[in-house]
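Dear colleague,

I am handing over the structure below, and after it I describe what was found. Please read the description with the structure open beside it.

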Amino acid sequence: TRNAEERLRIVLRELNEINGMAKAKKIASTITDKVDELDKDLKVGKPQLPRWATQITKGTKIEYFWNEEYGWCEGEVIEDPVTIVDEILLTIRFYD
């Protein structure tokens, strides 16, 4: 166009888009740079029980918070634990 004002508006619009993209890229890179690479790694495979769960055996004394009325209840594991995938099933005899 021959109109200087119109040309200036076109140039400013283009510069604004370029500048906006540059800012967005800069913000995105600062966010991803703060994340540790180890945090990005997903653990794939069979879920594992915590180490303490594998230490529970027949005869282990336990305490379980039942509810507000009964509170903590003492008990004992009376059968060997059964592990199913990532869960452990316990048979417990409560004393209370």
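A good place to begin is isoleucine 92, which lies in strand 5. Please keep in mind that this is a predicted model, and that, among the elements of the chain, strand 5 (residues 92-94) has the highest mean pLDDT, 93, while helix 2 (residues 37-40) has the lowest, 56. Where pLDDT is low, the predicted coordinates should not be read in detail. Over the chain, pLDDT averages 79, and 78% of the residues score at least 70.

Is isoleucine 92 buried or exposed? With a relative accessible area of 26%, isoleucine 92 falls between the 20% under which a residue is called buried and the 50% over which it is called exposed, and therefore it counts as partly exposed. If its neighbours within four places in sequence are left aside, isoleucine 92 is in contact with Ile62, Gly75, Glu76, Val77 and Ile78. Threonine 60 is 32 residues away from isoleucine 92 along the chain, and the C-alpha atoms of the two are separated by 9.4 Å.

Next come two paired strands. Strand 1 (residues 61-67) and strand 2 (residues 71-77) run antiparallel and are joined by 6 bridges, and they form a hairpin with 3 residues between them. One of the pairings links asparagine 67 to glycine 71, its bridge partner in strand 2.

Finally, there is a nonpolar surface patch of about 480 Å², made by Leu8, Val11, Leu12, Leu15 and Ile18. Of these residues, leucine 8 has its place in helix 1 (residues 4-34).

With best wishes

Technical notes
Residues are numbered from 1 along each chain as its sequence is written. This is a predicted model: local features need pLDDT of at least 70, side-chain atom pairs count only at pLDDT 80 or more; totals for chains, interfaces and linings use all residues. Side-chain values use heavy atoms; hydrogens and water are left out. Patches are made of residues with over 30% relative accessible area and no salt bridge: like charges are joined within 9 Å, nonpolar side chains (Val, Leu, Ile, Met, Phe, Trp, Tyr) within 5 Å. Accessible areas come from the Shrake-Rupley method with a 1.4 Å probe; for residues, only the protein chains shown count as cover. A salt bridge is a side-chain nitrogen of Lys or Arg within 4 Å of a carboxyl oxygen of Asp or Glu. Helices (H or I, at least four residues) and strands (E, at least two) are DSSP runs, numbered from the N terminus. pLDDT is the predictor's confidence in each residue, from 0 to 100. Buried means under 20% relative accessible area, exposed over 50%, partly exposed in between (1.4 Å probe, protein chains only). Contact means heavy atoms within 4.5 Å. Two strands pair if DSSP finds at least two bridges between them.
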